[in-house]
Amino acid sequence: MSEPLAAVATWLPVMEAAGRRCQCSGQCGNPHAKGEGRCPREHDGYTSKHGHRIRLMAAPADPSMPPTRAVTLPPSELRAWCPECYTAAIRRAAAPAVEAPGLFDL
């Protein structure tokens with residue numbers, strides 16, 4: 001089992017609370033239907049498509065939080081994220097809200 005070289009005192013409590021599984025529940029835009037609403041990726045597991053190892057990270061539950069503020073958070077305010085979910089969640093949080101036109105707007 002691998003652990004990061006730095007910040008283990010922060011990372012380890014987050015991973016233990018998450019059961020070493022990504023805690024994304026759709027913030028990335030994927031409903032994670034095969035994982036019962038939660039990303040099925042586990043730390044040190046392998047991706048099915050490319051066989052790469054998954055390395056989870058401890059990051060803010062709110063992906064829109066600036067990194068300068070995120071580094072001050074205690075482990076209780078962090079979540080376990082796989083890189084794919086976290087990157088997608090950041091993009092979704094940064095995307096401007098698009099209003100759909102009304103039924104009678106031309």
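**Notebook: helix 1 and the salt bridges**

I began on the outward side of helix 1, where the face turned away from the buried side carries the exposed residues Ala 9, Glu 16 and Ala 17. I note at the outset that this is a predicted model, and I read every entry below with that in mind.

I then turned to the opposite side and asked which residues of helix 1 are buried. Over residues 8-18, they are Trp 11, Val 14, Met 15 and Ala 18. Looking down the axis of helix 1, I found that these buried residues fall within an arc of 95°, so they line one face of the helix. I set beside this the general rule that an α-helix has 3.6 residues a turn, so residues three or four places apart point the same way.

Next I looked up what covers the buried residues of helix 1, and I found that the cover includes strand 1 (57-60) and strand 2 (78-81). Just after helix 1, I noted that Gly 19 takes a positive phi of about 65°.

For the charged side chains, I asked how many salt bridges the structure holds, and the count is three. I took the pair of Arg 41 and Glu 84 to start with, whose side chains meet in a salt bridge at 3.7 Å, N to O. Arg 41 lies in the loop between helix 1 and strand 1, while Glu 84 belongs to helix 3 (residues 83-94), so the pair ties together parts that are 43 residues apart in sequence. I checked the accessibility of both partners: Arg 41 counts as partly exposed at 28% relative accessibility, and Glu 84 is also partly exposed, with a relative accessible area of 43%.

I moved on to Asp 44, which forms a salt bridge with Arg 55, the closest N and O atoms being 2.4 Å apart. Both Asp 44 and Arg 55 lie in the loop between helix 1 and strand 1, so this pair ties together parts that are 11 residues apart in sequence. Asp 44 also forms a salt bridge with Arg 53, for which the closest N and O atoms are 3.9 Å apart. I therefore record Asp 44, Arg 53 and Arg 55 as linked in a network of salt bridges.

Is Asp 44 buried or exposed? At 15% relative accessibility, Asp 44 counts as buried, because the cut-off for buried is under 20% relative accessible area. Its two partners I entered as partly exposed, with Arg 53 at 42% relative accessibility and Arg 55 at 38%.

Methods. Residues are numbered from 1 along each chain as its sequence is written. This is a predicted model: local features need pLDDT of at least 70, side-chain atom pairs count only at pLDDT 80 or more; totals for chains, interfaces and linings use all residues. Side-chain values use heavy atoms; hydrogens and water are left out. Buried means under 20% relative accessible area, exposed over 50%, partly exposed in between (1.4 Å probe, protein chains only). Helices (H or I, at least four residues) and strands (E, at least two) are DSSP runs, numbered from the N terminus. The arc is that of the directions from the helix axis to the C-beta atoms. Contact means heavy atoms within 4.5 Å. A salt bridge is a side-chain nitrogen of Lys or Arg within 4 Å of a carboxyl oxygen of Asp or Glu.
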